[in-house]
Amino acid sequence: MDTFHSTERLYYADSYLRTFVATVVAHGEIGGRPAVALDRSAFYPEGGGQPADGGTLNGMAVADVQAEGGVVWHSLVRAEDLVALPVGAAVDGLIDWTRRLDHMQQHCGQHLLTAAFVAACGLATTSFHLGDAAVTIDLDVSDLTAAQARAAEDLANAVIWEDRSVTARFVSADELASLPLRKPPTVTAHVRVVSIADFDHSACGGTHPRSTGGVGAIRLLRWGRQRGGVRVEFACGVRALAAFRRLSAAAGGAAAALSVGADELPAAVDRLQASLRSAQKELEHAQIALDAADAAARYSEAEQVGAARVVCASLLDLSVERLRRVAQAIAGRPGGVAILGASGDRAQLVVACAPDSGRDARQILQAGLPLLDGRGGGGPTLAQGGGPRTEALDAALDAMKVAVRFAPLR
Ligand SMILES: [Zn+2]
């Protein structure tokens, strides 16, 4: 381990290399896992915003790949795997190509999109994230218009479909100074420059397709303000196809449910919302009429207690708003006193008293609330409250009815 200083990185010269033969040169530990260093490797170690490759060494799964100094460490899933890979042993390496191709497409797509935002809108990229779930760049701007997003997306796709060459090489400090790099590199010696012909030069150690056509297509999925800039989520190649399939399935399902074509969905949803609004309005009108009739019927059969005509009833799962409406309609009649309850998740009480009933709604309510472990309040003509003990609603209504008889008059 002391005598080994750097791994030959085979992906620098050929990012399409999926299998290779190498020799184990050292054992170590990465992230608490046993790891091996090889004299040469096609595995990409996590860095520059690109996740590590997956794959196998002699058929044993590689859990993670990290670079330390110039050495690429391949961590193994099981400690006993290290025994099977002694220093000096020959290994067959196999790269998980599905994962690598995905990373190459998203990563190179980011080069294209970042350069396209500069060329089309003069907007710089401040950071890049490539994860399993999403790929994003952050733009140095407070707001992004749909026209700007469209212009950058169009330009990036035009460069993809021109299938321009993507080349990588190490350059001298002199040549580096002469190149129009998008962003100055953090080192000046032994810098790898990735060039998209006549479009972009970036200092980068990542893996890229040999030409822009390998990115397939690029699609902006959404964007929004984030930490003073704008975060743009996008998908390239296989991920763009997967995103299109997801959206097609969702739109197709919704269109089938509405018996329209997917292109007619917006108009169909507008119609549905308009018809829902009109149905809600009709329902509300019907409920108002029903509540008024209910109040009239209950009032006509109400018990006379002195000056008060008392309606005491449990109206099942009526909303508090409708309880109040029925109670106020009863209290709008001579001597009307309404003591109404309903129970849903909580027990609800509403008390309304006509001024000429001589009763105070707050005092009647206070006779029932303790039985519900409830809280509430109001004025002399209208009070309401509720509590968690729904099973005590009938007992609370009985106590309130008794209170009408014995509570002091106001
Ligand atoms: Zn790159």
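## Val351 and its surroundings

In this predicted model, Val351 has 32 other C-beta atoms within 10 Å and is therefore buried, the cut-off for that class being 20 or more. Val351 is found in strand S19, and, once its neighbours within four places in sequence are left aside, the residues in contact with Val351 are Ala327, Ala338, Ile339, Ala361, Ile364, Leu365, Ala383 and Met400. One of these partners, Ala361, is 10 residues away from Val351 in sequence, while the C-alpha atoms of Val351 and Ala361 are 5.5 Å apart in space.

## The nonpolar cores

Val351 also belongs to the largest nonpolar core, which has 39 residues, and it is among the members that touch the most others, together with Ala327, Ile330, Val337, Ala338 and Ile339. At least two residues of this core come from each of helix H6 (265-300), strand S17, helix H7, strand S18, strand S19 (347-353), helix H8 (361-368) and helix H9 (393-406). Apart from this core lies another, of 35 residues, which includes Leu101, Met104, Trp223 and Val232.

Ala338 offers a second view of the largest core: with its neighbours within four places in sequence set aside, Ala338 is in contact with Val311, Val326, Ala327, Ile330, Ala331, Val351 and Ala352. Ala327 thus recurs, being in contact with Ala338 and likewise with Val351.

## Strand S17 and its partners

Strand S17 (residues 308-314) is largely enclosed by the rest of the structure, because five of its seven residues are buried. Strand S16 (residues 303-305) runs antiparallel to S17 and is joined to it by three bridges, with Gln304 having Arg309 as its bridge partner in S17. The hairpin that S16 and S17 form has two residues between the strands, and Gly306 takes a positive phi near 60° there.

With strand S18 (residues 336-343), by contrast, S17 pairs in the parallel sense, over six bridges, and Ser314 stands opposite Gly341 of S18. Between S17 and S18 the chain passes through helix H7 (residues 320-331), in a β-α-β crossover that is right-handed.

## Strand S10 and its partners

Strand S10 (residues 135-139) presents two unlike faces, with Val135, Ile137 and Leu139 on the covered one and Thr136 and Asp138 on the uncovered one. Such a pattern can be read against a general rule, that in a regular strand the side chains alternate between the two faces of the sheet.

S10 is paired with two strands, and Thr136 has a partner in each of them. Strand S9 (residues 125-130) runs antiparallel to S10 and is joined to it by five bridges, the two strands forming a hairpin with four residues between them; here the bridge partner of Thr136 is His129. Strand S15 (residues 229-236) also pairs with S10 in the antiparallel sense over five bridges, and in this case Thr136 stands opposite Glu233.

## Domains

According to the domain assignment, the chain holds domain 1 (8-95), domain 2 (101-255) and domain 3 (285-406). Taken over C-alpha atoms, the centres of domain 1 and domain 2 are separated by 28 Å, and nine residues of domain 1 are in contact with 12 residues of domain 2. The side of domain 1 that touches domain 2 comprises four nonpolar and five polar residues, with no charged residues.

Terms used: Residues numbered from 1 in each chain as written. Predicted model: local features only at pLDDT ≥ 70, side-chain atom pairs only at ≥ 80, totals over all residues. Buried ≥ 20, exposed ≤ 12 C-beta atoms within 10 Å, placed from the backbone. Pairing = 2+ DSSP bridges. Right-handed = clockwise from strand over helix to strand, strands pointing away. Domains from an automatic or database assignment. Contact = placed C-beta atoms within 7 Å. Nonpolar A, V, L, I, M, F, W, Y, C, P; charged D, E, K, R; others polar. Core = buried A, V, L, I, M, F, W, Y, C linked by C-beta atoms within 7 Å.
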